[in-house]
Every structure is written in structure tokens, then in C-alpha cells.
Protein chains: 2
Amino acid sequence: MSIRDERKQQSRQALLDAALKLSTSGRSFSTISLREITREVGLVPTAFYRHFEDMDKLGEALIEQVSERLRQMILTLRQGYLSHEHSKTQTSIQFFFRAVDESPQDWMFLIAERWGGSTTVRGEISQEIELLVQDLANDFSASADFKHIKSSDDLRVMSSILVNLSFTWAMTWLDFATQYTGGELVDWQQQYIEQVSTQVRLLFRGIANWQS
Amino acid sequence: MSIRDERKQQSRQALLDAALKLSTSGRSFSTISLREITREVGLVPTAFYRHFEDMDKLGEALIEQVSERLRQMILTLRQGYLSHEHSKTQTSIQFFFRAVDESPQDWMFLIAERWGGSTTVRGEISQEIELLVQDLANDFSASADFKHIKSSDDLRVMSSILVNLSFTWAMTWLDFATQYTGGELVDWQQQYIEQVSTQVRLLFRGIANWQS
DNA sequence: TGTACATCAGTGAACGCGCGTTCACTGATGTAC
DNA sequence: TGTACATCAGTGAACGCGCGTTCACTGATGTAC
């Protein structure tokens, strides 16, 4: 890639990063302006048009990028789980929240825009979530816990429960950090880990006793 | 109430109704303007200030009103369920979706603003959801299916799963109506009712086999 | 009941501001010979 | 390698627009006597 192309890519990425940052600092994507983004990056407003036709197009690119990062991250998470299949539920939950803490903006953006954004945005996010559900369902079908589930529809439904609940878990978790600090935060987090563990155990109890 | 007070109340309610309508027609509360609301009602922009200090205050009032309506509606739903406790899961789900269809804007507003709104809005909605979770947990404790659950914490965790999943169900359901029409819509709805039924049965399978 | 004054929901003009978008430009980087 | 021209990311001025908010106002309704 030429020097010019490289610099252009950097600017483009800076615009995307700024948009993600501004969209997850107490406001939503649809309330931030083109000028705010360029201001954050240190470019003149008109430079925006060298990279995106308008804010909608930047939004599309952002969803794609965020989804891709989340999918990769969850893939790593699932591989970690499969290689220690018999670890405690709590440990798995802790790994999940550690992953959430590692890229909080990605989670916040996808979840806030899932129902909050425009119809287009929602459609694109729905598709990405469908991929996550399918990924997880595939993992399930390879796991010993699910050997007795014959219907692949049932597997997808179970996967869907977990994916949807995990969004609530992630956002509740991230909200704690904005409401509490220090020891109080740790206490709430600890307590929440236990609550989520109970939820997961309950689900797996249901799965263990499932017959189609 | 005097004639003047009555008319003032009507205008105030008209502003709230317009705000709810505009917030749920493809955009979110934070993207609609004071002027749009008064235009929708047929008032001059400055008249707004006779009723609310600013948009934030109107938002608070709207959350309160929407939450109250949803709580009443869910109360009716739960009473209906308790009086036909041994009806099929599918029938209960159908009643739920009928309720969603009866006040779609209330559901859309609360769910979209749950993670999409400002920090204040989110805090207020969290509290309202906590009330819903507690209501449902109380119902559980009176139900035969939950006699063996000793811990009230466990009851609340189970209730919390159901409340959180129900939000996803409601929004997914309402999204169908924007994407499909006629027979195709009915087919998707039918299919989704079955998927949700599977989810609920799975949860209750877990609950039935629960030991603390 | 009638009158004189007070209240106050709604009006309409005016303001300054940040917005998205246009346009002609600049000057560093790329390309052809 | 050196030169002459092309490309194009970023600039800066300018625009019209909808916004929230102020202010003095109007006229119907309420209240005191």
C-alpha cells in the first residue's frame, strides 16, 4: 500500500474510532454529528466526505467492524470454554465479563443500537446476532451436554436464549462501573456473577432434562 | 377541576402522546425535537414551556406513564394466567403477544430507551424493570410450580430471566410487523410463537429440576 | 347577579448556534516518460 | 535519475436550515366584592 493509501486508511479508522467512542459515552449513534466526529479526530468537517458518503454509510462500516471484533472475541471465549469443559460455571461467567471489560465500547454500541437505532441499523445488527446464535448452536452440537438433543431447531433456540441473555448481562455489568467505584463496585460485581451463574445453571438444568 | 385546568391537562397529555409516537416511529427519544412535538400537537413551540421545563422533564414524565401502563397490563396478564394455570404454554405466549400488540409503543419506548437513552433515563428504567421482576417473583412464590424453591433470591433470578427475555420477544415480534405483511407475517409469527414456547418450556424444565 | 381585576395557556417575532453540504483551493504523493 | 503532469486527502469560506430559548403580548377563564 502506498504512503497516501496508508494515511487515508489511518484517517478512515480514526473517524470510525471517534464515532464509536462518542456513541458510547452517554449518547447514541444517531445523536452524534458529523462535525463532532471530525473535531474529535482533528480534521475539518469537509474531510469526512473523502471517506464516507454520509453518516449512514459510516454507521454501516462501524457495525461491520464492531460485529467482526465481537465474533472473534466470542470465538476465543468459546474455544477457551471447550478446552476446559469441566470448569465451574462461575469461572466461565468470569471469563465472559473479563471479555466484556476488554472491549466495552463494542458491546455497548451493538446492544444500544440493536433496538435504539434506525430500521436499517437494526436490520444489520439482527443479521450479525443471527450469526452469533448459529456459531454457538454449532458448538452446542459438538458438546457432550447436548448429545441427547436431536432437533437442530431446539439447539438454535437454546443458543438464542443464551445470546440474548448475555447482552443483558454485559450491559448490566458495564452499568455497574458507571454507578459504583472501588470496593462497592467489586461487591456488586461479585453478587452479579453469582446471579448470572444461577441463571446459567438453571438453563443447563433445563437442557439436561430436555426431551423433544 | 376547572375548565382551564382540564384543558391544560389535555395539552400536557397531547405533548406526551406526541413524544411517544415520534419516539417509536423509527427514531429514538433523544433524536426528536421540542419543536417537532409541538408541531405534531398543533401548538406553538413556546407553549411547551407551560407544561415542562425541558425535554428531560418530559422524558421523565413519559417513562413514568409508560411504565405504569405496562405494569398494569402485565398485572392483568398474570392474573389471566393464574386463573388458567394449567393451560398450554403456547396459549400463554399468545396472550403475551396480544398484549404487546395492544400497546406496541409502550414496549418499544421502554426497550429502546433501556440501553439507548441517557444515563438518567437508563437509571429510571432500571428501577421500573426491578419492580416488574419483583412483581413476577411474588407471583412465582404463590405458584405450585415453585413450591420447592426455598431461596427468594433464586425466585428473583428466575423472574429476572423471564422479564429480560420477554423484552427481546416483544421487540422481535414487533419487528416482524415492519418487515413482513399478510400471510408471510402470520407464518413468521406462528413460527416465533413456537420458538418462544420452547424457550419457556426449557426454563420451566430447569425450574422443575432445581435444587438449591 | 354584575363588575373590575388577576391569572395564565397559548401566541408570534426575534435571537444566536451548530448543523450538513457546496465549492474552489492547496500541496504532498504518485506516475509516465 | 530527473522532470512534468495527474491525483486526491485535506482546507477554509460560505450557505441555508431547524433548533432551543427569550420576551412582551393577548384574550379567555377564574376570583373577589
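I will go through the two DNA strands, then one helix pair, then two buried residues.

This is a predicted model, so please keep that in mind throughout.

Let me start with DNA strand C. There are 20 residues around it, and those that come nearest are Arg35(A), Arg39(A), Arg4(B), Ser11(B) and Arg50(B). Residues from both chain A and chain B appear in that list. By class, the surface near strand C consists of 8 charged, 6 polar and 6 nonpolar residues.

Where does that surface come from? At least two residues each are supplied by α1, residues 3-23, and α2, residues 34-41, of chain A, and by α1, residues 3-23, of chain B. The element that gives the most is α2(A), with 4 residues.

On the DNA side, consider the atoms of strand C within 4 Å of the protein. Sugar or phosphate accounts for 49% of them, and bases for the rest. I have three individual polar contacts to show. For the base, a side-chain N or O atom of Arg35(A) sits 2.4 Å from a base nitrogen of strand C. For the backbone of the DNA, the side chain of Arg7(A) places an N or O atom 2.7 Å from a phosphate oxygen of strand C. Val44(B) also reaches a phosphate oxygen of strand C, here through a polar backbone atom, at 3.1 Å.

Now DNA strand D. Again there are 20 residues around the strand, and Arg4(A), Ser11(A), Arg50(A), Arg35(B) and Arg39(B) come nearest. Of the strand D atoms that come within 4 Å of the protein, 48% are sugar and phosphate.

Which side chains have an N or O atom 2.6 Å from a phosphate oxygen of strand D? One is His51(A), and another is Arg39(B). For Ser11(A), a polar side-chain atom lies 2.5 Å from a phosphate oxygen of strand D. Two or more residues of this surface come from α1 of chain A, and likewise from α1 and α2 of chain B. The largest share, 4 residues, belongs to α2(B). The surface near strand D divides into 8 charged, 6 polar and 6 nonpolar residues.

Next, a helix pair within chain A. The axes of α1(A) and α5(A), the latter being residues 104-116, come within 9 Å and cross at roughly 70°. The two helices are therefore roughly perpendicular to each other. On the α1(A) side the contact is made by Leu20(A), Lys21(A) and Ser23(A), and on the α5(A) side by Gln105(A), Asp106(A) and Phe109(A). These residues divide into 2 nonpolar, 2 polar and 2 charged.

Last, two buried residues. Phe97(A) is in α4 of chain A, residues 89-102. Its relative accessibility is 1%, so Phe97(A) counts as buried. Leaving out residues up to four places away in sequence, Phe97(A) touches Trp169(A), Ala170(A), Trp173(A), Tyr192(A), Ile193(A) and Val196(A). To place Phe97(A) relative to the DNA-facing part, its C-alpha atom is 33 Å from that of Arg39(A), which is 58 residues away along the chain, and Arg39(A) is among the residues that come nearest to strand C.

The other residue is Thr168(B), in α7 of chain B, residues 152-179. Is Thr168(B) buried or exposed? Thr168(B) counts as buried, because its relative accessibility is 8%. Setting aside neighbours within four places in sequence, Thr168(B) is in contact with Tyr192(B) in chain B, and with Arg114(A), Trp115(A) and Asn164(A) in chain A.

That is the end of my part.

How values were computed: Residues are numbered from 1 along each chain as its sequence is written. Chains are lettered from A and ligands numbered from 1 in the order in which they are written. This is a predicted model: local features need pLDDT of at least 70, side-chain atom pairs count only at pLDDT 80 or more; totals for chains, interfaces and linings use all residues. Side-chain values use heavy atoms; hydrogens and water are left out. A residue is near a molecule or strand if one of its heavy atoms lies within 4 Å of it. A polar contact is a pair of N or O atoms within 3.5 Å; within protein, one must be able to donate a hydrogen and the other to accept it, and residues adjacent in sequence count only if both atoms are side-chain atoms. Ala, Val, Leu, Ile, Met, Phe, Trp, Tyr, Cys and Pro count as nonpolar, Asp, Glu, Lys and Arg as charged, and the others, Gly among them, as polar. Axes are lines fitted to C-alpha atoms, for helices over the stretch in contact, and angles run from 0 to 180 degrees between N-to-C directions. Angles under 35 degrees count as roughly parallel, over 145 as roughly antiparallel, 65 to 115 as roughly perpendicular and the rest as oblique. Contact means heavy atoms within 4.5 Å. Buried means under 20% relative accessible area, exposed over 50%, partly exposed in between (1.4 Å probe, protein chains only).
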